Amino acid sequence: AHVSAARYGKDNVRVLKTDRDAATGIHTVTEMTVSCLLEGDIDISYTKGDNSVVVATDSIKNTIFITAKLNPVNPPELFAAILGSHFIEKYSHIHAANVKVVTHRWTRMEIRGKPHPHSFMRDGEETRNVEARISRKDGIAISSGIEGLTVLKSTGSAFHGFVRDEFTTLGETWDRILSTDVDATWTWKTFADVKAVRELSSKFNPAWEEARNITLTRFAEDESASVQNTMYKMCEQILAAVPETELVTYSLPNKHFFELDLSWHKGIKNTGKDAEVYVPQSNPNGLIKCEVARG
Ligand SMILES: O=c1[nH]c(=O)c2nn[nH]c2[nH]1
């Protein structure tokens, strides 16, 4: 037997970094959860119990905090590239670092109609994610994303014309509730090195805003024929809006809200166009995935 693949490191490293502008008194906070898993000539730590090749996960954790102190943590794409590059530059036997940065929401409070200088709120469990693979041989591959953005629309969604056979009980609908938890990613063209990432660093935050706005606008305005068709339109629009990307993916659960027939009670009309009271379903859920490339 032999090690066919291996990576190790520290997961779930929670970091909060404050940025205090002395001139304006305006503070900014960034909270992220970082994972950093290393690859390289490390097989003997698995096969021989030889730890001479092991950069301890505790040291990896320490490095994450030090790197956050000495470098910008925004945009997270640049921070991930800087962090991963540290390991392949410092340790000649480490050949790749797999870095995931999940940034949590601390949205500045509006107090008395004005942005507050140092108060923030967690307006949703939505996160901004970055997954980067920093490789000595292959350069820096970065995917950015949005996760956990829960949305619902109370009309503007249909689903009909699907296969009808001896397995089908689902009725066709021209007007249904549509709800999902957005999990979207956009993959950047591979970067040669950190310098190349730094050169593009002004594009990462606008790209995230674009992707988020496109997702919300398309979700709201599309007369959806299906989850499939609506998510494809979102992908097309993100590729058009962010030319430095080469691939967009969505993974959308279809969180069903079932109509409830109440006619057994004094003939109450509560289905079809009279539907008002619905039964939210925790499970099962549809799950619709796609990956859209250029060309
Ligand atoms: O948008 C939808 N796509 C589907 O594939 C599906 N299947 N059942 N309901 C559905 N809704």
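User: What makes E10 stand out in the lining of the largest pocket?

Analyst: E10 gives the largest share of that lining, 3 residues. E10 counts as a strand because DSSP runs of E with at least two residues are strands, while helices are H or I runs of at least four, all numbered from the N terminus. Strand E10 (257–259) and helix H6 (227–241) are the elements that give two or more residues to this lining. Bear in mind that this is a predicted model, where local features need pLDDT of at least 70, side-chain atom pairs count only at pLDDT 80 or more, and totals for chains, interfaces and linings use all residues. Residues are numbered from 1 along each chain as its sequence is written, and side-chain values use heavy atoms, with hydrogens and water left out.

User: Why is it called a pocket, and which residues lie nearest its centre?

Analyst: A pocket is an open set of points on a 1 Å grid over the protein atoms alone, with protein on both sides within 12 Å along at least five of seven lines; a cavity is a set where a 1.4 Å probe fits but cannot get out. Lining residues have an atom within 4 Å of a point. Here 26 residues line the largest pocket, and Leu170, Thr173, Arg176, Phe257 and Phe258 lie nearest its centre.

User: How do you know how much space lies in the largest pocket?

Analyst: Grid points are joined across faces, edges and corners, and the volume is the space filled by probe spheres set on them. That comes to about 630 Å³. The second largest pocket has about 510 Å³.

User: Which element gives the most to the lining of the second largest pocket?

Analyst: E2, with 4 residues.
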